[in-house]
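Me: I have a model open on my screen and would like a close look at one part of it. Could you take me through the ligand site and the strand beside it, then set them in the wider chain?

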Amino acid sequence: MNQPGQWARLIFLASKFAEGTLVLASLADASYRVHAMARINENFLKLQAGYLFPEIARRVNAFSDAEPEKTKRLIRCGIGDVTEPLPLAARTAMKEAVDELGERGSFRGYGPEQGYDFLRQAIADNSYQGLNVEADEVFVSDGSKCDSGNILDIFGVGQRIAITDPVYPVYVDTNVMMGNTGEGDESGQYGGLVYLPCTAENNFTPALPQEKVDLIYLCYPNNPTGTVATREQLEQWVAYAREHDAVILYDAAYEAFVQDPDLPRSIYEIEGARECAIEFRSFSKNGGFTGTRCAFIVVPKELTGSDGSGGRVSLHGLWARRHSTKFNGVSYPVQRAAEALYSSEGKAEISKLVEHYMGNAALLKSACENCGLDVYGGEHSPYVWVRCPEGVDSWAMFDRMLHEAQVVVTPGAGFGAAGEDYFRISAFNSRENVEEVCARLGAMLG
Ligand SMILES: *Cc1c(COP(=O)(O)O)cnc(C)c1O
């Protein structure tokens, strides 16, 4: 036996073993690091890249690079943002509140997360007069956009969700983020959602879902179609929700624009709605608060959801817990400003704003009609929903309006597959701009 050779072999084997251990150790370390890395919510990867408003901005920017002269006459009727100044009543209340904060004796720190009693009471007394909504069922927030997304926190994942099509994109995208949908297709529809098409053919009245759904998003007056629901239609929804143990998420952001006193402004005008509906409201569109930020939701105490094993749980309690854990309330001056919208001066100023925007809507509606287009909405909402001329799809119409008239509208397809043949014109603008848009529409299509 060759002793030295054996030693050499042993040393060689030992060194190989050590090397292997090192390799294994570093592999283990690498895999440890892969697992320890912050993992993203993969649902976000399902979101479609071309979210509506960024795509509009991209096309407008490309146009302004190519046509700097024409861009100077651009009029934006795309995004639904108010244009008229903040009501004096709100500004005065806000300034006074700021001064209060500047004195030791009247200084305030953190307020109640759900909102100050003065505002919750003003909302219950004025917005829900005669509808039995209590101040402590009102939760003040910084916006309906946030509320309509955040509300999903208190519902389980994997619910069956019904949404109208076309629709306010926030309802869809927040459900995608929560994991309530499958993948999206090229028309922008996601697997797993129950789409309820609203077109001229069904008079923009969605049919009740054929199957059982758990959550139903309704928005009246509607963004984008500008259409309203009658009392009878809402009664059918409330009956459906109660029969199927579903919750209606009722977005009434445009309630102030309803002109006909017989049309419902709140879901709680419908009997039984307190057992099946949450209502979302905002000061953004009536009081011009899109930059000031204040809104609220109503969660009636009767409303419950299932705990999955036959028990019923109060949604009011869950939302109170969620809101006080993740939110610290709207700033005091802003809540005072919102309260002032309910003063007689504030109400008069809101009426004037609504009258102004509805005057714009009437002008836009008749200008489109004079061009021979089919026009919907614009009677109880600041949105006019127009059918594109025969053979022109909604993005092609968007491009034509941009290139030929320098008017930015919103293509219907951006709100859902069923919006493909339509475009939306927003009445949130100055009268001067609206008159100019009407003239350009006439010159382009008339
Ligand atoms: C503008 C709008 C709102 C209001 O959103 P805020 O976050 O309160 O400004 C809510 N819902 C719809 C459908 C809207 O168009």
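Reply: Happy to help; here is a walk from the ligand outwards to the rest of the chain. Please keep in mind that this is a predicted model.

Let's begin with the ligand itself. The shell around the ligand holds 13 residues, and the closest are D251, Y254, S282, S284 and K285. By character, that shell is made up of four nonpolar, five polar and four charged residues. Some polar atoms of the protein lie a short distance from oxygen atoms of the ligand, and three examples are handy to display. For N223, a polar side-chain atom is 2.8 Å from a ligand oxygen. K145 comes in through its backbone instead, with an N or O atom 2.9 Å from an oxygen atom of the ligand. K285 has a polar side-chain atom 3.3 Å from a ligand oxygen. As for how covered the ligand is, on its own it would expose 390 Å², and the protein buries 93% of that area.

D251, one of the closest residues to the ligand, also belongs to strand β6, so let's turn there. Is this strand buried or exposed? Five of its five residues are buried, so β6 is largely enclosed by the rest of the structure. Its side chains take two directions: V247, L249 and D251 point one way, while I248 and Y250 point the other, and all are buried. If you colour the strand by direction, D251 will therefore appear with V247 and L249 rather than with I248 and Y250. Strand β5, covering residues 215-219, runs parallel to β6 and is joined to it by five bridges. To find the register between the two, place L215 opposite V247. As background, strands in a sheet pair through backbone hydrogen bonds, in either a parallel or an antiparallel way.

The loops that flank these strands have some backbone details to check. After β5 comes the loop leading to α8 (231-244), and P221 lies in it. The peptide bond from Y220 to P221 is cis, with omega near -15°. The loop between α8 and β6 contains D245. The phi of D245 is near 55°, a positive value in a residue that is not glycine. With a relative accessible area of 41%, D245 is partly exposed.

Going on from β6, the loop between β6 (247-251) and β7 (277-282) is where R274 sits. R274 is buried, at a relative accessible area of 15%, because the cut-off for buried is under 20%. The side chain of R274 has two acidic partners to look at. One polar contact, of 2.6 Å, joins it to the side chain of E137. Another, of 2.7 Å, links the side chains of R274 and E302. Setting aside neighbours within four places in sequence, R274 is in contact with L131, N132, V133, E137, Y268, P300, K301, E302 and L303.

The loop from β7 to β8 (295-298) carries R293. Here too phi is positive in a residue other than glycine, near 75° for R293. R293 counts as partly exposed, at 29% relative accessibility.

A second cis peptide bond is worth a look: the one from D165 to P166, with omega near 5°. P166 is in the loop between β3 (161-165) and α7 (169-178).

For contrast with the parallel pair above, there is an open sheet of four strands with antiparallel pairing, in the order β11-β12-β15-β14. Its edges are β11 (375-377) and β14 (410-411), each with a single partner strand, so one side of each has no neighbour in the sheet. Two bridges join β14 to β15 (residues 422-426), and these strands run antiparallel. In that pairing P411 stands opposite F423.

Finally, the wider setting. The protein chain has 13 helices and 15 strands. Of its 446 residues, 50% are buried. Its C-alpha trace spans about 110 × 60 × 55 Å along the principal axes. Taking contacts between residues at least 6 apart in sequence, 74% join residues at least 24 apart. The accessible surface comes to about 21,100 Å², with 53% of it belonging to carbon and sulfur atoms.

Technical notes:
Residues numbered from 1 in each chain as written. Predicted model: local features only at pLDDT ≥ 70, side-chain atom pairs only at ≥ 80, totals over all residues. Heavy atoms only, no water. Buried < 20%, exposed > 50% of the residue type's maximum accessible area, 1.4 Å probe, protein only. Polar contact = N/O pair within 3.5 Å; in protein donor to acceptor, adjacent residues only side chain to side chain. Contact = heavy atoms within 4.5 Å. Near = heavy atom within 4 Å. Areas by Shrake-Rupley, 256 points an atom, 1.4 Å probe, with all protein chains shown as cover. Nonpolar A, V, L, I, M, F, W, Y, C, P; charged D, E, K, R; others polar. Pairing = 2+ DSSP bridges.
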